[in-house]
Every structure is written in structure tokens, then in C-alpha cells.
Amino acid sequence: PESTHPSRPGSRTWLAVAVCVEALTHGRGCFWPFSAAVTSRAPGAWSAAALPQRAELGADTAAATINHAPALLQRLQGLLQRGNGSDAVLRVRPAGSDEVQVFHAHQLLLALQSDVLDGLLHNRSVLTLDEPPDSAALFDRFLRYLYCGEVSLQLHQAIPLHRLASKYGVASLQRGVAEYMRSHLASESSQGHVVGWYHYATRVGDAGLQESCLQFLAWNLSAVLGSAEWATVSTELLLLLLERSDLVLHSELELYGAVEAWLARRQPEARVAERALRAIRYPMIAPSHLFQLQVQSPAMLRHRAAVQDLLFQAFQFHAASPLHFAKYFDVNCSMFLPRNYLAPAWGSPWVISNPARDDRSTSFQTQLGPSSHDAGKRVTWNVLFSPRWLPVSLRPVYADAVPGALPAARLEDGRPRLVITPAMSSSDFAGVSFQKTVLVGVRQQGRVFVKHVYSFHQSTDEVPDFLAHADLQKRASEYLIDNALHLHIVVKPVYHSLIKAKK
């Protein structure tokens, strides 16, 4: 009905339907307080007295909400499937194909969700849409979301569905698919998906998704290096990863092998290969392995001239005392900064069963420094974990002693605490300080990956805000794997003379 005469409420009824549909498709309920008046009075007999007043509703202590939203959503789904009363035809044509999918739709519902479709359907009822094949295959699900506000998808469907939502300006679906991608980075897939999602996020300018993918790749690089997904890494992503110091992998030698495999497969131009090889931190590789690379590595044999100076500098670093070496060379750069290596010389894993039960402690040893000059020197570390630590100022003994003090905090209100201290005196490693990193592993969709990384300054012994938001009391906590907390502690030696004060 199109009449707007006061005695004919057709357009008002459509407006109310539109408001309810929009509310339902966005997850809100719809309350139509004058529905009883609509069904009990003739269209021409409406009056102000027929509508409940706010005061009357507020005074009714037996007020309740009747929610038939699920039934309405089912009817909307049926409306889409049967096409009853449709006033728009969408012809979806996959690129490179003569096949056309035809959908009978309703302009009102399309306009509620997409201003783009509303504009395209202005003064026309038939619309032909050219879509990539993967997007065309999901167009029925895209339409279902426009009608019902829900959609199911799998990993390989995330990009084409997000592409449709972006093209037609459905912001809620864009956000939903992006959140799905961020929460399924660790999901298992045969060909891998995180690298592809990163490249897609870069193309569409989704900075949040781009950073989430990049962080996941950096913190779980060893798993990526050994998968088919590594071959799909773009040149830009490869160079971006090689610049980072927070990469989590077994060793720098493992990274070199992966870069060499990427170069062999992609065959980039010489300047790209040389730039990638110069990003390897050769001082972090033992001299025996550096000798092998010079005579056995195809990439090194081809581009040796481009990295000759770095190799020579690495051999000098391993041959002399780092403090003596720093007198003649600038070592205040990333080349001499370790990444997060999982090899035993750099740290130790620690699995804490039933972490909420009581305090735990452990100890392990690391090398004094990355230089071969210090190869025989070891540092012993003591680690203390407390699941419910309270600051001294909040402990009950102090609160009870002060008149009028606030109620003492309970022990269960404490937060997890992790303290890492050397078992030796500072004179045993004079001139060396240590940067400590704690990796927290979690399991998602049956796969274990690094989700949290805590790094703290070498001059402190305690991890700040360690697992501040974790509920270790719950067996279903995302931080627990089979009721155990999985940590890996990495210690990075840094010589004091390598740090320059900022002016």
C-alpha cells in the first residue's frame, strides 16, 4: 500500500515492518505496542485512544516482552527462498562463465542492509552483477545474511564473503567476517590461510586484520616455514618479517634455510635476493655453520659478493671478545640482536600442571652470550611462578592492623606472577645484561600456537601484567592445555657497551 491518508495506515504499517526487520537483522528485538489495535479495529477507525500511553505501560507491574523474532526470521528466510512478492531480480554472473544465477529479492530488505544495492536498484527492477567465481558461489549466503542477519562459513570462504560485504557496503558483515578471520588464525588447513588473509587485508586496507595476521606469523614462524604456505609469501611480506626481532623460531640457521628455499622457488630479481640475504643475522649463527653455508649454499654461492662484508664481520664477532669487538665496530643494530630462538642455548620450555594450585619453581641454563668467545660460559636462572600473588600493601596482615582500612583483599583476588632471576652474582657476568621473553602457548581447533608474548627490560626480574586477564581457576581456560600452562622462556644476552644512550 502506498497511501499516506490518515485513515489508511498502509505506509505506516510498512514503516513499522521495516523498523522491525532492521532491528532483527542487527540482533535486536522488536516490540510493536499497537499491534492489538491494528487487528481489532478497522483501518478507518484508528484513534489516539487506541494506542497505549507510556504512563499506563510504566504503571503496569505485570509488563512483559513477547519475542517472536526467531519465527519472523524463519519467515524472512522462507520469503527469500520462495521469492513471494519479490520486486527485484538479481542476475549474478561469475567472471569467465556464461552461467547466470537468478535471485528474486525484495528491494525494501536489500535497501535496509545495503545503500549500494539500494542505489543500483533505483528506478530499475533487474540488476546484473559480475562477480569473481568464488564470490558468485557465495552470493546466496550473502543474500541470506541480508534477510536474516546470519551466515555460516568456512576458512576458504572468508575472503570472498568479505569481498561481497565490502563491495556492497554491508559494514556489519565486514566486521563479522574480519573478526572470524582474527579468531581462526590458528585453525588447521591443508594449504594454510594466514598468509593469504594478510595479502587480502593489505589490498583492502584492513589495518587491524593485517596486523593480527603479521603478529601470528611472527610468533609462529617455525610452523609456517615448514608448510606449503611459506611458498605463497610475497616479497613485501618476506622482507617485513625479516626486519622483526620478535620472530619465534628454532634458530637463525633455520630462517636462513627457509629464505634460501623461498629464493629457489620464487626466483626473484637479484636485488630482492640480496636484500633478503642481508637481513639474516649472521652473528647469531655458529662459525661452523657459516663455513658450511659458504661452500654448500646455492644462494650464498650466487650472491656471496652481496653479503661478504656481513660474513666477515660475523667471523670477527665470534673470534674476539664482544666488548673488545665493540670498540672498533658499531654493534648497536639489529644484526647483533637475537630473535626469540627456541634452541636450548637460548632458553627452556616449562609446562606447569594445575597452575592454580600453588607456587612453582624451576631452573635452567643459557649461554652467556651469542659470541663463540663466550661459548663455554653458562648462566643459571631461577624461575618462580605464583598463581595468586598479592602486593604487600593489599595483604590481610596490613589491612587488619590499620583502623578504618578497607576490607583486606582475598588471596583468590591475586594475579599470576612470574619472576626470573639469575642464580649467580652479577660479578660473574660483568658487562652483560639480559632481555627476557616469555611465550605463552594455547590450543585452538586442536592446534598449539603462541598467542601471548611478554618481554621485559633486562634490568627487571618480574614480568609486568603477566596473564593479568587469565582465569587459571577454570579448567576450560583458553590459557590451559590439558589443565597445564605451557610457557617457553627465552633469554637474550645484550652487552652494556652495545647500548648507546639517547641524546
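In the predicted model, the axes of helices H9 and H10 come within 8 Å and cross at roughly 155°. Because an angle over 145 degrees counts as roughly antiparallel, H9 is described as roughly antiparallel to H10. The crossing of these two helices is left-handed. On the side of H9 the contact is made by Ala158, Ile159, Leu161, His162, Ala165 and Ser166, while H10 contributes Leu173, Gln174, Val177, Ala178, Tyr180 and Met181. Sorted by class, the residues of this contact comprise nine that are nonpolar, three that are polar and none that are charged.

The loop that leads from helix H8 (139–148) to helix H9 (158–167) holds Gln157, and Leu153 is likewise found in the loop between H8 and H9. Gln157 has a relative accessible area of 10% and is therefore buried, the limit for that class being under 20%. The side chain of Gln157 is joined to the side chain of Arg141 by a polar contact of 3.2 Å, and a polar atom of the Gln157 side chain also lies 2.8 Å from the backbone nitrogen of Gln154. When residues up to four places away in sequence are not counted, Gln157 touches Leu138, Arg141 and Ser152.

Leu153, by contrast, has a relative accessibility of 22% and so counts as partly exposed. With residues up to four places away in sequence again set aside, Leu153 touches Arg141, Ala158, Leu161 and Tyr180. Of these residues, Ala158 and Leu161 belong to the H9 side of the contact between H9 and H10, and Tyr180 belongs to the H10 side. The C-alpha atom of Leu153 is separated by 8.9 Å from that of Val177, although the two residues are 24 residues apart along the chain; Val177 is one of the H10 residues in the contact with H9.

Helix H11 (residues 194–204) has as its buried residues Val194, Val195, Trp197, Tyr198, His199, Tyr200 and Ala201. These buried residues pack against H9, helix H10 (171–183), H12 and H14, and the list of partners thus includes both helices of the roughly antiparallel pair. Just after H11, Gly205 takes a positive phi of about 80°.

Two of the partners of H11, namely H12 and H14, also meet one another. The axes of helix H12 (residues 207–219) and helix H14 (residues 235–242) come within 11 Å and cross at roughly 60°, which makes H12 oblique to H14. The crossing of H12 and H14 is right-handed, whereas that of H9 and H10 is left-handed. Leu214, Leu217 and Ala218 of H12 make the contact together with Leu237, Leu240 and Leu241 of H14. The residues of this contact divide into six nonpolar, no polar and no charged.

Further along the chain, Ala299 has its place in helix H18 (residues 298–319), where a relative accessible area of 9% makes Ala299 buried. Leaving aside neighbours within four places in sequence, Ala299 is in contact with Tyr256, Glu260, Leu263 and Leu277. The C-alpha atoms of Ala299 and Val259 are separated by 9.2 Å, the two residues being 40 residues apart along the chain.

Lys451 is placed in strand S11 (residues 447–456) and, at 29% relative accessibility, counts as partly exposed. The side chains of Lys451 and Glu478 are joined by a polar contact of 2.5 Å. Apart from residues up to four places away in sequence, Lys451 touches Trp219, Val440, Val442 and Glu478. Lys451 and Asn220 are 8.8 Å apart in space, C-alpha to C-alpha, with their positions 231 residues apart in sequence.

As regards the protein chain as a whole, there are 20 helices and 12 strands, and 42% of the 503 residues count as buried. Among the contacts in the protein chain with a separation of 6 or more, 67% are accounted for by residues 24 or more positions apart. The contact of Lys451 with Trp219 and that of Ala299 with Tyr256 are examples of contacts made between residues that are not neighbours within four places in sequence.

Conventions: Residues numbered from 1 in each chain as written. Predicted model: local features only at pLDDT ≥ 70, side-chain atom pairs only at ≥ 80, totals over all residues. Heavy atoms only, no water. Axes fitted to C-alpha atoms, helices over the stretch in contact; angles between N-to-C directions. Helix = DSSP H or I, 4+ residues; strand = E, 2+ residues; numbered from the N terminus. Parallel < 35°, antiparallel > 145°, perpendicular 65-115°, else oblique. Left-handed = near helix turned anticlockwise from the far one by under 90°. Contact = heavy atoms within 4.5 Å. Nonpolar A, V, L, I, M, F, W, Y, C, P; charged D, E, K, R; others polar. Buried < 20%, exposed > 50% of the residue type's maximum accessible area, 1.4 Å probe, protein only. Polar contact = N/O pair within 3.5 Å; in protein donor to acceptor, adjacent residues only side chain to side chain.
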